[in-house]
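User: Please take a close look at one loop residue and its surroundings in this structure, and then place that region within the rest of the fold. A connected account would be preferred to a list.

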Amino acid sequence: MSKPKSLRAPGQRFGWRGYLDILRYLQKWPSTADQMAAACCVAEAKGTTVLRHLHAARLAHISGWTKSSSPRANWRPVWSAGHGHDAPRPGHGTRTWARANNLSAQLIALASVLRALVEPITVADLADVTGCNAGTIRLMLRHAKKIGFARISDWVPPASLGGHPAAMWRLGHGDNAPRPAAKTRAEIYAQNWQRRKGRQAMQALIRATAATQPRAMEAQ
């Protein structure tokens with residue numbers, strides 16, 4: 001699989017899409033900050049800041065260290081997507097990379113959504129659990145689906161006749177569960193008729209029970 005020329009347009013404002021693009025890139029190709037910055041079309045200093053923030057949000061970790069063949073070269077972290085144990089820097093014992101603490105509200109919200117997506121969940125439930133706007137979540141999931149970062153694992157039947165099934169989203173790439181075929185008008189009418197018959201039978205039972213109660217009381 002060849003690497004993309006660019007995941008973001010130059011000067012594009014960083015948002016959920018930008019973070020997701022970088023996380024997806026790091027899933028495929030664990031990279032140093034300069035490698036990621038070149039691939040994702042961001043300045044190297046900005047790329048380092050973004051990686052530190054993703055690390056602080058526990059959405060990325062250091063999977064290894066590398067340096068050039070120059071004897072004066074410094075060790076540079078190799079970043080991978082996902083929460084994991086940081087590889088200790090060579091020559092520093094077990095000491096690991098310090099986490100940043102100035103996270104934006106947007107990144108905190110993204111982290112909460114991605115953690116909830118570990119298990120299949122609907123957009124409505126995601127909004128309830130995270131407090132994020134359902135419309136924003138829906139847009140984010142569409143982009144995550146496009147780049148292979150999330151997928152539809154199943155569908156929930158509609159709560160009412162004639163309603164639409166709800167997609168169950170979860171992290172990961174792969175085939176999306178096919179959307180259930182919409183019910184025909186004849187099927188909806190048949191289900192409505194069956195429900196109506198059930199209600200009529202219940203009402204007849206209630207009336208019959210109510211009619212026998214006075215007789216039972218007179219017999220006492």
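Analyst:
**A loop residue and its surroundings**

Apart from residues up to four places away in sequence, Ser31 touches Tyr25, Leu26, Met36, Pro77, Val78 and Trp79. The coordinates examined here are those of a predicted model. Ser31 belongs to the loop that links α1 to α2. Is this residue buried or exposed? Ser31 counts as buried because its relative accessible area is 1%, and the cut-off for that class is under 20%. Its side chain also has a polar partner: one of its polar atoms lies 2.6 Å from the backbone oxygen of Trp29.

The contacts of Ser31 lead in two directions. Two of its partners, Tyr25 and Leu26, are among the buried residues of α1. Pro77, Val78 and Trp79, also in contact with Ser31, fall in β2, which spans residues 76-81. A further partner, Met36, falls within α2, residues 33-40.

Consider α1 next. This helix has 13 residues and reaches 19 Å from its first C-alpha to its last, close to the 18 Å expected at 1.5 Å a residue. Ten of the 13 residues are buried, so α1 is largely enclosed by the rest of the structure. The buried set consists of Trp16, Gly18, Tyr19, Leu20, Asp21, Ile22, Leu23, Arg24, Tyr25 and Leu26; Asp21 and Arg24 are thus among the buried residues of this helix. Against which elements do the buried residues of α1 pack? Their partners are α2, α3, β2, α4 and α6.

The strand reached by Ser31 is itself mostly covered, with five of the six residues of β2 buried. β2 runs antiparallel to β1, and six bridges join the two strands. Within this pairing, His61 stands opposite Ser80 of β2. After β2 comes the loop leading to α4, and His83 lies in it. In contrast to Ser31, which is buried, His83 counts as exposed because its relative accessibility is 55%. The C-alpha atoms of His83 and Ala60 are 5.5 Å apart, although 23 residues separate the two in sequence.

Ala60 also appears in the surroundings of Leu54: leaving aside neighbours within four places in sequence, Leu54 is in contact with Tyr19, Ile22, Leu23, Leu59, Ala60 and Leu107. Tyr19, Ile22 and Leu23 are buried residues of α1. Ile22 and Leu54 are the residues with the most contacts inside the largest nonpolar core, which has 51 residues. In soluble globular proteins, nonpolar side chains tend to be buried together.

The loops on either side of α3 each hold a backbone feature of note. Cys41, in the loop between α2 and α3, has a phi near 60°, a positive value in a residue other than glycine. Arg58, in the loop between α3 and β1, likewise has a positive phi of about 60° without being a glycine. Cys41 counts as partly exposed because its relative accessibility is 28%, and Arg58 falls in that class because its value is 38%.

One of the elements that α1 packs against is α6. Its end C-alpha atoms are 18 Å apart, which agrees with the span expected for its 13 residues, 134-146. The buried residues of α6 are Ile137, Met140, Leu141, His143 and Ala144. They cover an arc of only 160° around the axis, which puts them on the same side of the helix. The face turned away from that buried side carries the exposed residues Arg142 and Lys146. The packing partners of the buried residues are α1, α4, α5, β3 and β4. At the N-terminal end, Asn133 acts as a cap, with a side-chain oxygen 2.8 Å from the backbone nitrogen of Gly135. Beyond the helix follows Gly148, whose phi is positive, near 80°.

The whole protein gives the wider setting. Its secondary structure comprises seven helices and four strands, arranged along the sequence as α-α-α-β-β-α-α-α-β-β-α. Of its 220 residues, 35% are buried. Among contacts with a separation of 6 or more, 55% join residues 24 or more positions apart.

Technical notes
Residues are numbered from 1 along each chain as its sequence is written. This is a predicted model: local features need pLDDT of at least 70, side-chain atom pairs count only at pLDDT 80 or more; totals for chains, interfaces and linings use all residues. Side-chain values use heavy atoms; hydrogens and water are left out. Buried means under 20% relative accessible area, exposed over 50%, partly exposed in between (1.4 Å probe, protein chains only). The expected span of a helix is 1.5 Å times one less than its number of residues. The arc is that of the directions from the helix axis to the C-beta atoms. Contact means heavy atoms within 4.5 Å. A polar contact is a pair of N or O atoms within 3.5 Å; within protein, one must be able to donate a hydrogen and the other to accept it, and residues adjacent in sequence count only if both atoms are side-chain atoms. A nonpolar core is a set of buried Ala, Val, Leu, Ile, Met, Phe, Trp, Tyr and Cys residues joined through side-chain atoms within 4.5 Å. Two strands pair if DSSP finds at least two bridges between them.
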